Structures are given as structure tokens and as C-alpha cells.
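Welcome! Take a first look at the sequence and the model, then work through the exercises below at your own pace.

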There are 2 protein chains.
Amino acid sequence: MHRTLPPSSLLAPVPVVMVSCASDRPDVKPNIITIAWAGTVCTKPPMVSISVRKSRYSYDIIKETGEFAVNLVAGELAGACDFCGVKSGRDVDKFASCSLTPAKVRGLSFAVGIAESPLILGCKVKQTIELGTHDMFIAEIVSAAAKEELFDGSGKLCLDKANLVSYIHGDYYETGKRLGFFGWSVASKKALKRRNMKTRLR
Amino acid sequence: MHRTLPPSSLLAPVPVVMVSCASDRPDVKPNIITIAWAGTVCTKPPMVSISVRKSRYSYDIIKETGEFAVNLVAGELAGACDFCGVKSGRDVDKFASCSLTPAKVRGLSFAVGIAESPLILGCKVKQTIELGTHDMFIAEIVSAAAKEELFDGSGKLCLDKANLVSYIHGDYYETGKRLGFFGWSVASKKALKRRNMKTRLR
């Protein structure tokens, strides 16, 4: 049995990422804004969307430069991620306050990434759509870079090693147990073994 | 140090949801499609986006009816969720194959929800945007309903009880440890105690 609730933003878990941006205007500091209203929206070309309130310090920077970096958040960055979500870049230098290091992002001319993030996506805005409280920036991923320690010996990216953080209804969570891989509900015994899974589940 | 990767859809964790849809056309069965390319895109009005390939059985149903339901996925639904992602509604009745029960969704005329899902969002399409491999449906959430057992005694929704599933680079994961709440990096000792957190982290 289900109980009715007022309609609201209850999709979960959602990613919570630190979006960084910068400008060549002398009065603008590089900034970090925490975004939970983010998603992958296309595979080819690879695209993400982030939704940002017009009132945010980062809004104008992204709007003017057409660029941002998406920095995935590992457990050890969760506190900094929260801090960047409650403070404004108008009042605080978030890189300095959180002891984070700006990093060059391939393919971008303005935005810097966060060197401490396990994975950085360089993004170029393709469309902006006004929706209500938030404007959605739809952006193409033009570059990707992951920490060296996330690759195995054969050069495969193992994002499970990053202990990524998700956001559920106001709370931040670590990643829990791996349940399976895409296709595991119909996989052969051989494929299950190769992918380190004991059983199918359905 | 970061290593460069080819740009691709590496935002993570992303939600993985079962999107259900139906039609009044006699040749169309109610269907379920697994979607990881989903996100919250606006707070007011509450809106989500889902990205769907044009070739999918569900694509035409959603396009024609302008409706779908987003069903959040708990750990015990992960196998069914995977199955609905690898099989097509053209070949299989997914409700029957996965022993799932269609449920009426408030505010929708066509789409049914999944009674076994912890939380169901009724969604009406407002815009469709062609991006490449995927079209993005931007939809308003017109209704929400959660399982009775997810509410505490005071009527508060406790989504942490649902053991929701997320998707990271091809794998499904359970939700792990709670790290904190929005604002916890700057919260007072009193607020920390009230929200059941021992320490701030930054």
C-alpha cells in the first residue's frame, strides 16, 4: 500500500557533484557549487545536465563562459561538498576554505577542476532551458580524467574504488554493496563467474 | 594525478529507476523500461528528466501519451530492474515476467506504476529535446506516493529505509552508510545532535 505525498523532487538516489567554474573577469573568483540536480542525458555525444538557480554566484559565470567542470565526490570530500552547497562564492573563496586545489581541465578555456576529486568531466554548455526555480544547462562532456589509483593493471577504470557519494532526500550516503552488473539477471554462469558474481537475482 | 580518458557518460552514482508507461491502443502492453539517464531538473515546479532512445518500445508510448511513472528501485527489485533493462517490451510482458503488479497512479490517465516500488512519481511530459542517441523527456511530477512502511510515527517520509539502488559505470549498488545531512558541515552541536550525527566533517 502506498500513501500519497505532495508532488516534489523525490527522485533518489541522485548524484551529488561539485561543479566548478571560473571566468577571466578580474572581479570573479573561481567557484564551486554543489549540485544534486544533475544527470546524464545522452550517451553519444556524451552529455550531462545540471540545474542551477539564477540567483547563484556560479549561474552568471557558467552562463557567460559556457563552461563548467563536474567533479565527482568521494566520501572524504563529502564535508567540503556540503560546505560548497551552503556557502556562496560571493562571500567565500571555496577552494581556499576547503583546502582544494584548482586543476586545469582539458578542452576548457575558463573553468578549473578540483584536483582532489576522483573524476573530473569538462563540460561545454549547448542549451539553457528555463524551467521554474532552476535553469537547466545541457552540456557536452568534452573531456574526462580520473585519478591514477582508480585504474587497474590493465588500464580499466574501476569507479567502485572511489567510494562515491549520493544524495537521498536531504542526506549524503556512501556507496554500499555491489548488487550486480548490467545484464546480470540474464547472464550465463560463465559470464557471472567472469564478473565476480555468485548468483543471478530476480 | 589524473589520467585522461575518452569523454563519456561517467557521471556517477546515477539513479536507476523503472519507468512504466501504458497506452489505450489495443496493441500496446503496459511496459517497463529501466532508465539510468534520469535526474531531478527543477524544484518548483518539481520536474524530472529521463533520456530514452527513439528505438525503444516505450519511446512511442511516452511520446504519444505524454505520461510515464518513475518507480524507485529497492535492493529486492534490482534483478527485475536489470531484466527490464535488457529485454524489450516488444517481446516480453515485463509486468508478468517479473511478477510485478500494475498500480493506478494519481494524476495520470494512461501510465500505471509498479505496486512493488517503494516510491512512485506520476510524470507529465512538458518538453522533448533531441540530443543524439537519446531524446530527453522533461516532465512535471504531478503526484507522489510512497510505501506505508517508509513513514515514521509522525508521518515523516524516511527514504533511507528503502535501500535504494544506484548505478555506477555499469554496476548496481545498494545505498551505504549515511555521511551527513544537507548543512551538516556548518551545523551547530545542537543541530547535529537533533539529526543524529556525532561530528561535522570537512
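A residue is buried if 20 or more other C-beta atoms lie within 10 Å of its own, exposed if 12 or fewer, and partly exposed in between, with C-beta atoms placed from the backbone. Helices (H or I, at least four residues) and strands (E, at least two) are DSSP runs numbered from the N terminus. The model is predicted: local features need pLDDT of at least 70, side-chain atom pairs count only at pLDDT 80 or more, and totals for chains, interfaces and linings use all residues. Residues are numbered from 1 along each chain as its sequence is written, while chains are lettered from A and ligands numbered from 1 in the order in which they are written.

**Exercise 1. Find out how helix α2 of chain B is covered, and by what.**

Step 1. Locate the helix: α2(B) takes in residues 78-86, and eight of its nine residues are buried.

Step 2. Name the buried residues. They are Ala78(B), Gly79(B), Ala80(B), Cys81(B), Asp82(B), Phe83(B), Cys84(B) and Gly85(B).

Step 3. Look for the cover, using contacts (two residues are in contact if their C-beta atoms, placed from the backbone, lie within 7 Å). From chain B, the cover includes β3 (17-21), β4 (31-35), α3 (94-97) and β13, and chain A adds its own β13.

**Exercise 2. Describe chain A as a whole.**

Step 1. Count the elements: chain A has four helices and 13 strands.

Step 2. Check the extent. The C-alpha trace spans about 60 × 50 × 30 Å along its principal axes.

Step 3. Compare with a globule. The radius of gyration is taken over C-alpha atoms, and the globule rule is 2.2 Å times the number of residues to the power 0.38. For 202 residues a compact globule would have a value near 17 Å, and the 18 Å of chain A agrees with that.

Step 4. Look inside: 52% of the 202 residues of chain A count as buried. Among its contacts between residues at least 6 apart in sequence, 59% join residues at least 24 apart.

**Exercise 3. Trace the sheet in which both chains take part.**

Step 1. Recall the rule: two strands pair if DSSP finds at least two bridges between them.

Step 2. Follow the order. Six strands form an open, antiparallel sheet, β2(A)-β12(A)-β13(A)-β13(B)-β12(B)-β2(B). At its edges are β2 (14-15) of chain A and β2 (14-15) of chain B, each pairing on one side only.

Step 3. Inspect the join between chains. Strand β13 (residues 171-181) of chain A and strand β13 (residues 171-181) of chain B run antiparallel and share seven bridges; one partner pair is Tyr172(A) and Gly180(B).

Step 4. Find another link. Four bridges connect β1 (residues 2-5) of chain A with β11 (residues 134-147) of chain B, again antiparallel, and Arg3(A) has Ala146(B) as its bridge partner there.

**Exercise 4. How many residues of each chain are in contact with the other, and how are the copies related?**

Step 1. Count: 86 residues of chain B are in contact with 86 residues of chain A. On the chain B side, the largest share, eleven residues, comes from β13(B).

Step 2. Sort that side by type: 49 nonpolar, 24 polar and 13 charged. Here Ala, Val, Leu, Ile, Met, Phe, Trp, Tyr, Cys and Pro count as nonpolar, Asp, Glu, Lys and Arg as charged, and the others, Gly among them, as polar.

Step 3. Superpose the copies by least squares on the C-alpha atoms of residues with pLDDT of at least 70 in both. A turn of 180 degrees with a shift of 0.0 Å along the axis lays chain B on chain A with an RMSD of 0.0 Å. The two copies are therefore related as by a two-fold rotation axis.

Step 4. Compare the surfaces: 100% of the contact residues of chain B recur in chain A. Of the chain B residues, Gly176(B) comes closest to the axis, at 1.8 Å (C-alpha).

**Exercise 5. Which residues of chain A follow a cis peptide bond or have a positive phi?**

Step 1. Take the prolines. Ala12(A) and Pro13(A) are joined by a cis peptide bond with omega about -10 degrees, and Pro13(A) lies in the loop between β1 and β2. Another cis bond joins Lys44(A) and Pro45(A), with omega about -5 degrees.

Step 2. Turn to phi. Ser99(A) is not a glycine, yet its phi is positive, about 50 degrees. Ser99(A) counts as exposed because it has 9 C-beta neighbours inside 10 Å.
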